[in-house]
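Q: Please take one part of this protein and look at it closely. Then show me how that part fits into the rest.

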Amino acid sequence: MPKTSIESDNPLLTPVKTALVEESQRLGFADCRVTGLDIQQHGKALDRWLALKYQADMSYMSRHRDLRQAPEQLVPGALRCVSVRMNYWPPEDPTRERLENPETAYISRYALGRDYHKVMRKRLGNLGKFLQRKLEGTQFRAFVDSAPVLERGFAREAGLGWIGKNTMLIHPRAGSYFFLGEILTDAPLPVDDGFTDQHCGSCRACLDLCPTDAFPEPHVLDANRCISYLTIENRGPIPEAFRKPMGNRVFGCDDCQLVCPWNKFAQFSQEADFKPRHQLDNSRLSELFLWTEAQFLERTEGSPIRRTGYEGWLRNLAVGLGNAPGTPEVISALKSRRKHPSQLVRIHVRWALKQHGCEH
Ligand code: B12
Ligand code: SF4
Ligand code: SF4
C-alpha cells in the first residue's frame, strides 16, 4: 500500500495496524499499542528529576534531555510511537528463597539470560521492516533503552499500563516484570487510548520496603540511593551507608517489584534467550567472587552483567560477602582478593573483612 501523506489518523491504516499487532505477537511481544509523540507531561517530570540531581552520575540522562522531549527529532517526520513490551520473569523461580539466603548471590531476574537490548532490538527491527513492507516508503527507527526516549511515558500514553509509585510501568493483568521497546515511525497509524487510571490506591509497600529508602516521594526515584544504580551504572565505590542494606543483591534489585501486589498477575516468559545461564539464578557469592577476569568475560558474553565490568562485579560481590555469614569459605575468598590490583576492589574487600572482625 502506498504511504499516505496526511498526519491525522488514517482509518485506511486500521488493517495495517491490526497486522502489525499480530506480527508483534508472532515475534514474542506481549503487547503492542500506538500513540502520538506528545510527551510534554513526562518531559516536565524528567526536568524536575534532573534539577533534583536524582540521575546521580548517569550524565547521559541530562546530555540528551532535549531529544528526550522532542522525539520527532530522532526520526525525521515521525508521527507515531509503537510501544511494545516483552515479559522476562523466569517461570517457577524460587526468587524469595534466593534473596533470603545470605550465601547466595542475588542477581536481578531480568539479567539472568541474554541481554534484552540484543533480543528486543533485533525483533523490533523486524517489526519495523514488516511495517515497511505493508506501507511502502515508511521510515522507522527502533529503540530499546539506550536511546534518549522516555519509554515509560510513551508506554503509558499508548495504554500499556500506569506508572506506579515505584516508577515502574504496571499492567493490571501483567504486573511489571517486562521490558519496553519502541518504534518511532512517520506512518500515521490509528492511535490507542492512553492509560489514565492509577491502580496503586493507598498502597505504599514499595516505598516502605525499599532497602535503601530510594523514593523521596511516590513516583520519584533517587538513583543515588538505588541498589540497581549502585551495582550497575555506578563506576565508583558504593557509599558505606548502602552496603549493609544491599544484603546479597549484587546486580540490580527487584524488591520494589517483588512487594508489588500487582505482580501476582505477572506473566512468565517462555523466551529461551532469557533462561538463566551458568546457574546465575542460584550461585554462591564466594564462587562468583573467585571467577577470573577471563571467566567473567566468557560467562557474561551477551549478558547485561557485562555492563558493570569485572571490577564492578568484584566490588558488588565483596559487599555481598561482607553481609554473608563469616564462614571459612567466605573469609578465605575475601582474603584471596586482599591485594587485588584495583583500589576499588581492595576498598570493598577491606570493608567486608572488617564486618567479619578481620581488620588486617
Ligand atoms: C535511567 C534508568 C534507570 C535508573 C533510574 C530509574 C528511574 N526510575 O528513573 C536506574 C539505574 C536506577 C534503573 C533501575 C531499574 N530499571 Co531502568 N531504566 C532507566 C532508563 C534508561 C531511563 C528512565 C528515565 O527516563 N528516568 C527518568 C525519570 C524521570 O523517569 P521515570 O522514573 O521513568 O519517570 C517517569 C514517570 O515517573 C513520569 N512521572 C513522574 N511523575 C509523574 C506524574 C504524572 C502525572 C505523569 C503523567 C508522569 C509522571 O515521568 C517520567 C517520564 O515518563 C529506562 C529506559 C528508557 N530509555 O526510558 C530504563 C527502564 C525504566 N528500566 C527498566 C528496568 C527493568 C529497571 C529495573 C527493574 C532493573 C533492575 N531490576 O534492577 C530497575 C527498577 C528501579 C525502578 N524502580 O525504577 C525498564 C522498566 C520496565 C517497566 N516495566 O517499567 C526500562 C523501561 C528499560 C526497558 N527498556 O525496559 N533504571
Ligand atoms: S530497585 Fe531496589 S533499591 Fe532501587 S528503588 Fe527499587 S527497591 Fe529500592
Ligand atoms: S507496591 Fe503498591 S504503591 Fe508500589 S507500585 Fe505496587 S501497587 Fe503501587
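A: Start with a cut-off. Two residues are in contact if their C-beta atoms, placed from the backbone, lie within 7 Å. By that rule L334 touches A318, L321, V349, A352 and L353, leaving out residues up to four places away in sequence. The model is predicted.

Two of these partners, A318 and L321, lead us to our part: both are buried residues of α14. Helix α14 covers residues 309-323. Check its length. At 1.5 Å a residue, its 15 residues should span 21 Å, and its end C-alpha atoms are 22 Å apart, so the two values agree.

Now ask how enclosed α14 is. A residue is buried if 20 or more other C-beta atoms lie within 10 Å of its own. In α14, 11 of the 15 residues are buried, so the rest of the structure largely encloses this helix. The buried residues are G312, W313, L314, R315, N316, L317, A318, V319, G320, L321 and G322. Note R315 and N316 in that list. Burial in α14 thus takes in a charged residue and a polar one, by the class rule.

Zoom in on one residue. V319 is found in α14. Its C-beta atom has 30 C-beta neighbours inside 10 Å, so V319 counts as buried. Which residues does V319 contact, apart from neighbours within four places in sequence? They are I238, R243, M246, H348 and A352. A352 is also touched by L334. V319 and R350 make a useful pair too. They are 31 residues apart in sequence, and their C-alpha atoms are 9.8 Å apart in space.

Next, step back to the core. In soluble globular proteins, nonpolar side chains tend to be buried together. Here the largest nonpolar core has 90 residues. Those with the most contacts inside this core are Y88, L317, A318, L321 and L334. Three of these names, L317, A318 and L321, also appear among the buried residues of α14. The core draws at least three residues from each of domain 1 and domain 2.

What are those domains? The domain assignment gives domain 1 as 11-101 + 108-185, and domain 2 as 216-255 + 277-355. Their C-alpha centres lie 29 Å apart. The contact takes 22 residues from domain 1 and 22 residues from domain 2. On the side of domain 1 that touches domain 2, there are 10 nonpolar, four polar and eight charged residues.

The ligands add to the picture. Ligand 1 is surrounded by 37 residues, and the closest are H42, A45, G153, S228 and G252. Its shell also draws at least three residues from each of domain 1 and domain 2. Helix α2 gives the most to this shell, with five residues. By class, the shell around ligand 1 has 22 nonpolar, 10 polar and five charged residues.

Ligand 2 has C210, P211, T212, A214, L221, C226, I227, S228, C253, D255 and C256 around it. S228 is thus listed for ligand 1 and for ligand 2. Helices α9 and α11 each supply at least two residues of the shell around ligand 2. Ligand 3 has its own surroundings, including C200, C203, C206 and C260. Its shell has eight nonpolar, two polar and two charged residues.

Notes
Residues are numbered from 1 along each chain as its sequence is written. Chains are lettered from A and ligands numbered from 1 in the order in which they are written. This is a predicted model: local features need pLDDT of at least 70, side-chain atom pairs count only at pLDDT 80 or more; totals for chains, interfaces and linings use all residues. Domain bounds come from an automatic or database domain assignment. A residue is near a molecule or strand if its C-beta atom, placed from the backbone, lies within 6 Å of it. Helices (H or I, at least four residues) and strands (E, at least two) are DSSP runs, numbered from the N terminus. A nonpolar core is a set of buried Ala, Val, Leu, Ile, Met, Phe, Trp, Tyr and Cys residues joined through C-beta atoms within 7 Å. A residue is buried if 20 or more other C-beta atoms lie within 10 Å of its own, exposed if 12 or fewer, and partly exposed in between; C-beta atoms are placed from the backbone. The expected span of a helix is 1.5 Å times one less than its number of residues.
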